[in-house]
Amino acid sequence: MALVLWCGLCLAVGLTGSIPTSSSLADWYVTLIKPSWTPPGWLFGPVWTVLYIMMGVAAWMVWRPRGFSSAKVPLKLFFFQLALNAAWSWLFFGMRNPFVGLVDIAFLWIAIAATIISFRKVNVGASWLMVPYLLWVSYAAALNFAIFWMNRPA
């Protein structure tokens, strides 16, 4: 049951991020200049779903042996990066501000890396489950930067 709750928490973060995203896709995002290596829109949902489940499993693996009290730092880092993850959609899509989204995603990348390092001390497998997420956020950060740069005011 705890595993389902951890995964559910991560998926709920994704769901909250979809609110500003879906409302901005048709009337704002489509108007932006994007690099040729922008993935098709249909890819984001499946990729994020898999990543959120992997994140939930990783957090559960860190929480499971001793609970919150013994894994305070790793789980606080996990919740912090999760909050930054949720904030990105609201900043980039909700505020329609690629620059503010870029600032958030830079901090998100650092927080994910710190979470991976912290998870590694508790459960090596959990840390590896977070690596694809870091890689995808690295790609997303590059895409965010490219969109910001290509659409900056003249």
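Helices are taken as DSSP runs of H or I with at least four residues, numbered from the N terminus. Gln81 has its place in one of these, helix 4.

**Basis of the model**

The structure is a predicted model, in which local features need pLDDT of at least 70 and side-chain atom pairs count only at pLDDT 80 or more, while totals for chains, interfaces and linings use all residues. Residues are numbered from 1 along each chain as its sequence is written, and side-chain values use heavy atoms, with hydrogens and water left out.

The predictor's confidence in each residue is expressed as pLDDT, from 0 to 100. For the protein the mean pLDDT is 95, and 100% of its residues reach 70 or more. Confidence is highest in helix 6 (residues 124-150), at a mean of 98, and lowest in helix 3 (residues 67-70), at 84.

**Helix 1 and its packing**

Helix 1 has 24 residues, and the distance from its first C-alpha to its last is 34 Å. This is close to the expected 34 Å, the expected span being 1.5 Å times one less than the number of residues. At Ser18 the helix bends by about 30 degrees, and a proline, Pro20, follows within four residues. The bend at a residue is the angle between axes fitted to the seven residues ending there and the seven starting there.

Burial is judged by relative accessible area: buried means under 20%, exposed over 50%, and partly exposed in between, with a 1.4 Å probe and protein chains only. The buried residues of helix 1 are Trp6, Cys7, Cys10, Val13, Gly14, Gly17, Pro20, Thr21 and Ser24. They pack against helix 2 (41-63), helix 3 and helix 4 (72-94).

Val13, a member of helix 1 (residues 2-25), counts as buried because its relative accessibility is 11%. Contact here means heavy atoms within 4.5 Å. Apart from neighbours within four places in sequence, Val13 is in contact with Tyr52, Leu82, Asn85 and Ala86. Val13 and Tyr52 are 39 residues apart along the chain, and their C-alpha atoms are separated by 8.5 Å.

**Ser24, Arg96 and Asp27**

Ser24 also belongs to helix 1 and, at 2% relative accessibility, counts as buried. With residues up to four places away in sequence not counted, Ser24 touches Tyr29, Phe93 and Arg96. Two of the polar approaches of Ser24 are listed in the table below, together with one made by Gln81 and one by Asn123. A polar contact is a pair of N or O atoms within 3.5 Å; within protein, one must be able to donate a hydrogen and the other to accept it, and residues adjacent in sequence count only if both atoms are side-chain atoms.

| Side chain | Partner | Distance |
|---|---|---|
| Ser24 | Phe93, backbone oxygen | 2.8 Å |
| Ser24 | Arg96, side chain | 3.3 Å |
| Gln81 | Phe78, backbone oxygen | 3.0 Å |
| Asn123, oxygen | Gly125, backbone nitrogen | within 2.9 Å |

Which residue forms a salt bridge with Asp27? The partner is Arg96, with the closest N and O atoms 3.0 Å apart. A salt bridge is a side-chain nitrogen of Lys or Arg within 4 Å of a carboxyl oxygen of Asp or Glu, and a search of the whole structure finds one. The pair links distant parts of the chain, 69 residues apart: Arg96 lies in the loop between helix 4 and helix 5 (98-122), and Asp27 in the loop between helix 1 and helix 2. Side chains of opposite charge can pair when their charged atoms come close.

Arg96 is partly exposed, at 33% relative accessibility, and Asp27 is likewise partly exposed, with a relative accessible area of 46%. The phi of Arg96 is near 55 degrees, a positive value in a residue other than glycine. Most residues other than glycine have a negative phi.

**Gln81, Ala71 and helix 6**

Gln81 is buried, with a relative accessible area of 0%. Leaving out residues up to four places away in sequence, Gln81 touches Met55, Leu108, Ala111, Ile112, Thr115, Met130 and Tyr133.

Ala71 is found in the loop between helix 3 and helix 4. At 2% relative accessibility, Ala71 counts as buried. Ala71 and Lys121 are 50 residues apart in sequence and 9.8 Å apart in space, C-alpha to C-alpha.

Helix 6 has 27 residues and reaches 39 Å from its first C-alpha to its last, close to the 39 Å expected at 1.5 Å a residue. The Asn123 contact with Gly125 in the table lies at the start of helix 6.

Terms used
Helices (H or I, at least four residues) and strands (E, at least two) are DSSP runs, numbered from the N terminus.
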